[in-house]
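These are my notebook entries on one structure, written as I looked up each item. I began with a pocket, then turned to a ligand and to the confidence scores.

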Amino acid sequence: MNDTPTTPGYQRRQSVSLLKIDQYAYINRLAHVHPLEKMVLALVTMIICLVFSSPATSLIVILSMAGMAILLARIPASFFLKLMLAPVAFLLLSVLTVAFVWVKDPAGLLWGFNVGCYTVGVTSRGLITAGDLFLKSLGAVACLYFLSLTTPMVDILSVLKALRLPPLFIELMSLVYRFIFVLLDTADKIYTSQASRWGYATMKTSYSSLGQLVSNLFTKAGRNYQMLYTTLTSRCYTGELNVLESSHVLSRKNLFLIILFEAALLLASMHLAGFLTPFAGGAGS
Amino acid sequence: MKDKPILETRGLGFSYVDGTQALVDVDLAIPAGKKIAFLGPNGAGKTTLFLHFNGLIRPDRGKVYFAGQEVRYDHASLLELRKKVGVVFQDPETQLFSASVRQEISFGPLNLGLPREAVLQRVHKAMQDTGILELQDRPTHFLSYGQKKRVAIADILAMQPEVLICDEPTAWLDVKHAGQIMDLLTEINGEGVTVIISTHDVDLAYSWADYIFIMKSGKVIGEATPECIFYNRQLLEEAELQRPWLLDLYEELQRKGWVSAGLPPKNIREFLRSIRDKEPA
Ligand SMILES: Nc1ncnc2c1ncn2[C@@H]1O[C@H](COP(=O)(O)OP(=O)(O)O)[C@@H](O)[C@H]1O
Ligand SMILES: [Mg+2]
């Protein structure tokens with residue numbers, strides 16, 4: 001069967017980052033690694049990054065996650081960079097609100113302008129906080145990207161199941177995940193059919209077309225759900241989505257390396273934060 | 001019909017909530033172990049009938065029988081019926097619920113309460129029989145339409161039913177992949193499974209099926225072997241069906257005496273043989 005997965009929809013889908021992330025999750029070099037290892041690595045690193053909230057730690061986290069995704073999982077550097085840039089504009093905007101203060105007395109401001117009898121400006125402390133926050137968020141984002149680029153959702157779900165999260169929660173997540181793709185595909189088809197009939201030619205028709213697309217999508221989703229229920233019932237569905245779990249094996253070597261990495265990150269962060277001062281120098285003060 | 005019927009309906013009638021009469025007084029008996037085609041235009045009631053065979057719809061009137069037993073609608077009896085009669089739905093997109101091909105196929109056998117080893121073995125065999133072993137670690141949403149169709153068939157095969165029902169198996173498939181699916185269904189039938197399909201494609205029904213039911217407006221208006229049914233011109237007219245082009249062509253050549261005598265050919269290969277076998281006059 002030399003039937004390649006290249007329906008027109010598939011070609012178009014390639015441009016959507018979400019779908020591309022999902023695709024890398026299945027084909028990257030770390031795909032066969034036990035999902036628990038990757039989840040522990042990503043989550044512990046993220047926690048360290050969030051707890052220390054120091055720019056140095058955040059930078060180390062960003063660089064190491066990017067390094068692992070690019071060098072170990074062989075995700076193209078350009079794609080990883082593109083993904084990291086995606087939240088930058090959003091982060092900058094939200095961080096700016098932290099950097100700016102609203103004061104009566106302009107003394108101590110690095111820069112500011114008057115609004116009525118108040119001054120809006122930035123302080124050096126505000127700037128530093130904003131910078132910390134920015135790097136910290138990017139660090140956390142890098143961890144999540146690492147996880148989603150290297151670990152298929154199916155594997156993540158099977159770990160959550162093994163951790164005894166409520167089955168209802170896991171089944172919902174898995175259905176939502178599956179139907180995101182069905183809906184995207186449906187939306188894509190409706191959009192194409194509308195666009196081919198000049199549905200997006202002017203601003204006005206665009207609005208009405210988009211409205212129709214959304215309402216259509218909901219109707220279709222409803223019908224899809226009904227059909228799905230019928231088809232599941234015909235396969236003896238009795239309220240639980242039982243499926244075979246994938247059988248990954250935990251690697252001691254990987255676990256050891258992960259612990260080593262986290263320990264090093266922790267020590268470095270503590271040192272940088274000043275918790276760990278060398279005995280000789282720090283004792284006197 | 002001398003074979004014992006595996007599925008039977010008597011006086012079956014069903015209307016949807018909006019009042020559409022989808023089935024009207026359907027009496028039929030489906031012989032076991034054969035390749036069966038339900039032939040009829042869109043809206044004839046084929047899908048509705050198949051839903052009855054699986055106990056997914058309860059008839060308004062009449063009864064359904066499986067292997068001589070009346071179908072009951074309590075939980076346990078329905079599970080038992082669904083274990084023996086499997087339905088592959090027309091649109092694989094609505095049937096595939098899991099993102100992983102292997103997990104998707106394991107759903108049915110796990111519901112049958114089989115031990116893990118048996119499930120693994122059945123899933124493997126179903127993937128092997130449908131030729132999708134190399135897709136087992138691919139996410140379902142990156143498969144082509146034809147591949148999804150195969151996964152949908154493997155879903156049901158893994159439950160090892162006695163009857164495999166395939167609603168419009170060739171819909172939206174190109175000629176090559178449609179042919180592959182029909183060959184697959186023939187192979188499945190070769191292992192003793194009764195295979196039932198619905199189609200509006202006269203040529204497909206003629207060349208593939210052992211026995212054909214013709215449906216129109218919720219009724220079965222005719223049934224026979226393909227050799228017989230397409231000689232019944234009145235029936236074809238009533239059903240608004242074309243004759244298979246192969247049969248028309250064969251008859252024309254027979255009148256001219258250009259083909260050997262015998263049963264009419266079912267496919268191109270048989271047709272060419274009947275021309276070649278004819279001694280030059
Ligand atoms: N869910 C439904 N609700 C209302 N009417 C339906 C539904 N499904 C099918 N029908 C109607 O029932 C009739 C038979 O449909 P169906 O069994 O799908 O035919 P076929 O499969 O032969 O195309 C058609 O008139 C169709 O419009
Ligand atoms: Mg139908």
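Entry 1, the pocket lining. I asked which helices of chain B each supply at least two residues of the lining of the second largest pocket. I found α7 (175-190), α8 (202-208), α11 (245-255) and α12 (268-276). I note here that the model is a predicted one.

Entry 2, the pocket itself. I looked up the volume of the second largest pocket and recorded about 590 Å³. Its lining has 20 residues, and I listed those closest to the centre: B:L204, B:S207, B:W208, B:K266 and B:N267. Sorting the lining by class, I recorded eight nonpolar, five polar and seven charged residues.

Entry 3, the shell around ligand 1. I then asked which residues are found around ligand 1. The list reads B:Y16, B:D18, B:T20, B:A22, B:P41, B:N42, B:G43, B:A44, B:G45, B:K46, B:T47 and B:T48. By class, I entered four nonpolar, six polar and two charged residues for this shell. I also looked up where its largest share comes from: helix α1 (residues 46-53) of chain B supplies three residues.

Entry 4, contacts with oxygen atoms of ligand 1. For B:T48, I recorded a polar side-chain atom 2.4 Å from an oxygen atom of the ligand. For B:G45, a polar backbone atom is 3.0 Å from a ligand oxygen. For B:A44, a backbone N or O atom lies 3.2 Å from an oxygen atom of ligand 1. I next asked how much of ligand 1 the protein buries. Taken alone, the ligand exposes 560 Å², and the protein buries 64% of that area.

Entry 5, confidence. I looked up the scores of the predicted model and entered ipTM 0.87 and pTM 0.81. For chain B, the mean pLDDT is 92, and 98% of the residues reach 70 or more. I added a reminder for my reading: predicted coordinates should not be read in detail where pLDDT is low.

Technical notes
Residues numbered from 1 in each chain as written. Chains lettered and ligands numbered in written order. Predicted model: local features only at pLDDT ≥ 70, side-chain atom pairs only at ≥ 80, totals over all residues. Heavy atoms only, no water. pLDDT = per-residue confidence, 0-100. Near = heavy atom within 4 Å. Polar contact = N/O pair within 3.5 Å; in protein donor to acceptor, adjacent residues only side chain to side chain. Areas by Shrake-Rupley, 256 points an atom, 1.4 Å probe, with all protein chains shown as cover. Helix = DSSP H or I, 4+ residues; strand = E, 2+ residues; numbered from the N terminus. Nonpolar A, V, L, I, M, F, W, Y, C, P; charged D, E, K, R; others polar. 1 Å grid on protein atoms, 1.4 Å probe; cavity = no way out; pocket = protein on both sides within 12 Å on 5 of 7 lines; lining within 4 Å. Points joined across faces, edges and corners; volume = space filled by probe spheres on them.
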